[in-house]
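Q: Could you take me on a close look at a single part of this predicted model? I'd love one connected account of how that part sits among its neighbours.

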Amino acid sequence: MQEPATPDHEEERLRALRELLILDTPPEERFDRIVAFAAQEFDMPMAFVTLVDAERQWFKARIGSDAVETARNVSFCAHAILQEAPLVVQDALEDERFHDNPLVTGEPGIRFYAGAPLALPGGQSVGTLCIIDRQPRTLDRVELAILQSLRDLAVEELTRQNDEATP
Amino acid sequence: MMQTATHLARQDILLIEPSSMTGGIIVSTARQLALPQVRQVNSVRSAHAQLETRPITGMIVSLDEQAEAVELLRRLRAADFPVPADMPVAITTAQVDAGTAEQLKALRVRRILLKPFKVRNVITTIEMLVAA
């Protein structure tokens, strides 16, 4: 398993994340409906809005999982925030970065992962909108565009909260 | 002249969809795929203004306001708006009975998408409207 690298400007990224004042807040319908939409649109058993904190990834919204967070060093999303384009892992068992990841070899048994980075207007990727399946899958160009549209909606909600908190 | 040429070259698609979230995702996805601009309105009433002022060349119409939507299509086919009266039209609806299906057929509706539909199928429909 390859642990995710630390992004450039990590301190700045974490500062931007914490300024959102969203970590460890209760579930909210505006994010829940985005993951519900994603799960239905893609026929995926799991969908999340994740936020990648210093040592963990925390789930602001989730479908198909009772977990509220996982360690960052096993997080797929911590890999996804390292790039601008969505990270698509068609079959985790065939991917050297993830084949022996405990989230693949154990519960929830991830095989397919697609995560679109939640990039704030300042450029900091604070998390992802991601969809997960227990079976290998692919995404075509239309599905990738839909995933990115849902991601844009999630970013809009994140920044709206921040705008409203700013006097 | 330039303005006229630009106007003629555009192929805007009008989407009547009451859910702002669903409509927004369709609009955004179409933009990312470089499809013609999709203009979403939440009601038939709002659609009238678009048909009067925008270069609309195709429509996807929700039947949530069935009577108003059917009347809009009737007026479209009667050339009551300054847009092509024969433009391709698709419908979204939770259900359709035989009578409504006949009515829609007479109004030359090209496709019916049953709700809940997938955005993917709406995008495919937009591509069909553009190619028509």
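A: Let's begin at the hairpin of E5(A) and E6(A), where 5 residues lie between the strands and A:Gly123 takes a positive phi near 100°. The two arms of this hairpin, strand E5 (residues 112–119) of chain A and E6(A), run antiparallel and are joined by 7 bridges. To find your place along that pairing, look for A:Gly115, whose bridge partner in E6(A) is A:Cys130.

Now follow E6(A) to another of its partners. Strand E1 (residues 46–52) of chain A also runs antiparallel to E6(A), and 6 bridges join the two. Here a handy landmark is A:Ala47, which stands opposite A:Ile131 in E6(A).

With E5(A) and E1(A) both paired to it, how is E6(A) placed in the structure as a whole? Strand E6 spans residues 125–133 of chain A, and 8 of its 9 residues are buried, so the strand is largely enclosed by the rest of the structure.

For the wider setting, turn to the neighbouring chain. Between chain A and chain B, 11 residues of the former are in contact with 11 residues of the latter. On the chain A side, helix H2 (29–42) and helix H5 (141–165) each supply at least two residues. H5(A) gives the most to this side, with 9 residues. Sorted by class, the side of chain A that touches chain B holds 5 nonpolar, 4 charged and 2 polar residues.

Methods. Residues are numbered from 1 along each chain as its sequence is written. Chains are lettered from A and ligands numbered from 1 in the order in which they are written. This is a predicted model: local features need pLDDT of at least 70, side-chain atom pairs count only at pLDDT 80 or more; totals for chains, interfaces and linings use all residues. A residue is buried if 20 or more other C-beta atoms lie within 10 Å of its own, exposed if 12 or fewer, and partly exposed in between; C-beta atoms are placed from the backbone. Helices (H or I, at least four residues) and strands (E, at least two) are DSSP runs, numbered from the N terminus. Two strands pair if DSSP finds at least two bridges between them. Two residues are in contact if their C-beta atoms, placed from the backbone, lie within 7 Å. Ala, Val, Leu, Ile, Met, Phe, Trp, Tyr, Cys and Pro count as nonpolar, Asp, Glu, Lys and Arg as charged, and the others, Gly among them, as polar.
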